[in-house]
Amino acid sequence: MQTERNLLKRRDIDALTTVAAAFRSGPLAGLLDSAPELERRSGLTREEFEREYRFRGRPVVLDGYAADWPSVRHWTFQNLADRCADVPVVVDSYRSEAARRTTFGEFVTRLEASAGSGADPLYLQEWYYRTVAPELADDLPELDIAQYDFRRDLYGEAASTNHQLWIGQQGGITRLHQDAYSVDVMHAQIVGEKLWHIMGPGAELLPGPGGTAQLDALCASPGTRLMRFVLRPGDVLYLPALWFHRIELLSDSIGLGRKCLDQAHLGAHIRQRIGELLALALNPDELRVTHSELFDVVIARARALADRMDIDLSRLRQ
């Protein structure tokens with residue numbers, strides 16, 4: 001089996017640990033505060049967005065694009081907990097040893113009780129709210145700039161709007177990664193603020209002759225394209241497929257993740273989807289060991305997709 005040399009793309013524990021440490025100390029950490037700010041725009045029409053950013057593969061922050069959403073104007077942690085008190089959720093699903101099932105109301109209670117305690121921040125990641133709390137959808141309108149999403153043609157309307165809420169405590173971190181399945185990322189900030197660091201698809205962190213990660217080469221390469229920015233309530237990020245990103249919660253935060261499949265990436269998307277499903281079907285025992293941090297997350301994604309497509313998982317053929 002061929003091993004991916006670029007440590008930024010590998011998902012094994014050693015690579016994840018190396019990349020996470022690079023953001024805390026060393027040459028990469030030294031560049032973060034001085035990294036250029038990602039371009040911000042306001043008042044763009046859909047046509048201007050597509051011409052200047054989507055068709056050119058350029059990331060951008062759309063200032064206040066979702067400022068009028070009911071969620072941005074009215075949501076708080078407490079009123080959301082009142083509405084979804086008994087809804088089941090899985091907290092800290094990206095850390096297998098910490099993942100636990102609870103209710104949304106209990107999650108918010110624990111979040112408030114643990115504030116300032118020094119404990120690891122609580123994080124509800126990839127919450128497919130439409131499957132368990134569909135009434136929230138009215139507060140999160142569809143983005144007009146996201147209507148090119150080809151998943152509607154591929155999987156159906158319900159699956160194409162299978163968005164996720166990311167709800168976490170100040171200090172929570174999402175590790176540097178590329179989103180799976182060659183999709184564009186749109187992220188609307190609802191409550192609180194998030195600091196993002198992004199790198200271009202060409203960023204490479206390679207091991208040197210002694211196995212030590214070549215961080216100086218990563219920092220010096222034009223392909224790295226390191227940038228930073230803060231998302232505030234009402235802002236919407238557009239990040240083209242395969243851009244690396246890392247997120248730190250500057251305050252207790254709620255954000256909406258919205259994926260878009262550009263038809264230009266359809267072939268890669270299908271190969272990655274089929275490859276993942278075949279790996280889960282044919283090699284689950286090894287994957288639980290080699291990708292323990294991701295296994296349950298990927299299973300949850302597949303179950304959510306099956307639910308939105310009305311697929312009967314108890315049958316082998318229709």
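How many bridges pair strand S9 (residues 194-199) with S12, and in which sense? The two strands pair in the antiparallel sense over 6 bridges. The close-ups below come from a predicted model.

**View 1. S12 sits in an open sheet of 4 strands.**
The strand order is S7-S12-S9-S10, and the pairing is antiparallel. Strand S7 (173-178) and strand S10 (227-231) form the edges, each pairing on one side only. Neighbouring strands here are turned by 15 degrees against each other on average, direction ignored. S12 covers residues 244-249 and is joined to S7 by 4 bridges. Look for Ile173, whose bridge partner in S12 is Glu248. Thr174 stands opposite Ile247 of S12. Towards S9, His197 has Arg246 of S12 as its bridge partner. S12 is largely enclosed by the rest of the structure, because 5 of its 6 residues are buried.

**View 2. A second open sheet has 7 strands.**
Read the order as S1-S2-S11-S8-S13-S6-S5. The pairing is mixed. S1 and strand S5 (123-127) are the edges. Each has a single partner strand, so one side of each lacks a neighbour in the sheet. S5 runs antiparallel to strand S6 (residues 164-168), and 3 bridges join them. In this pair, Tyr123 has Gly168 of S6 as its bridge partner. Helix H6 (residues 104-113) lies across S5 and S6. H6 runs at about 145 degrees to S5.

**View 3. Strand S11 is covered on both faces.**
In a regular strand, side chains alternate between the two faces of the sheet. Val236 and Tyr238 lie on one side of S11, Leu237 and Leu239 on the other. All four are buried. S11 pairs with S2 in the antiparallel sense, over 3 bridges. S8 also runs antiparallel to S11, joined by 4 bridges. Leu237 is a good residue to find here. Val61 stands opposite Leu237, and so does His187.

**View 4. Helix H3 packs on the sheet of 7 strands.**
H3 spans residues 46-54. The helix touches S1, S2, S8 and S11. Its direction makes about 40 degrees with that of S11. Which residues of H3 are buried? They are Phe49, Glu50, Glu52, Tyr53 and Arg54. Their cover includes strand S1 (40-41), strand S2 (60-62), strand S8 (184-191) and strand S11 (236-239).

**View 5. Two salt bridges reach strand S1.**
Glu52 and Arg41 meet through their side chains in a salt bridge, at 2.8 Å from N to O. This pair links distant parts of the chain: Glu52 lies in helix H3, Arg41 in strand S1, 11 residues apart. Glu52 is one of the buried residues of H3. Arg41 is partly exposed, with a relative accessible area of 23%.

Asp63 forms a salt bridge with Arg40, and their closest N and O atoms are 2.9 Å apart. Here too, distant parts of the chain are linked. Asp63 is in the loop between S2 and helix H4 (70-74), while Arg40 is in strand S1, 23 residues apart. Both partners are partly exposed: Asp63 has a relative accessible area of 31%, and Arg40 has 26%.

**View 6. Other salt bridges include a buried partner and a network.**
The whole structure holds 18 salt bridges. One of them joins Asp92 to Arg100, with the closest N and O atoms 3.7 Å apart. Is Asp92 buried or exposed? Asp92 counts as buried, at 3% relative accessibility. Its partner Arg100 is partly exposed, with a relative accessible area of 28%. Elsewhere, Glu142, Asp149, Arg151 and Arg258 are linked in a network of salt bridges.

**View 7. A nonpolar patch lies on the surface.**
Leu154, Ile270, Ile274, Leu278 and Leu282 make this patch of about 450 Å². Which helix gives the most to the patch? Helix H11 (residues 266-282) does, with 4 residues. An α-helix has 3.6 residues a turn, so residues three or four places apart point the same way. Leu278 has its place in H11. Leu278 counts as partly exposed, at 46% relative accessibility.

Key. Residues numbered from 1 in each chain as written. Predicted model: local features only at pLDDT ≥ 70, side-chain atom pairs only at ≥ 80, totals over all residues. Heavy atoms only, no water. Patch = residues over 30% accessible without salt bridge, like charges linked within 9 Å, V, L, I, M, F, W, Y side chains within 5 Å. Areas by Shrake-Rupley, 256 points an atom, 1.4 Å probe, with all protein chains shown as cover. Salt bridge = Lys/Arg side-chain N within 4 Å of Asp/Glu carboxyl O. Buried < 20%, exposed > 50% of the residue type's maximum accessible area, 1.4 Å probe, protein only. Contact = heavy atoms within 4.5 Å. Pairing = 2+ DSSP bridges. Axes fitted to C-alpha atoms, helices over the stretch in contact; angles between N-to-C directions.
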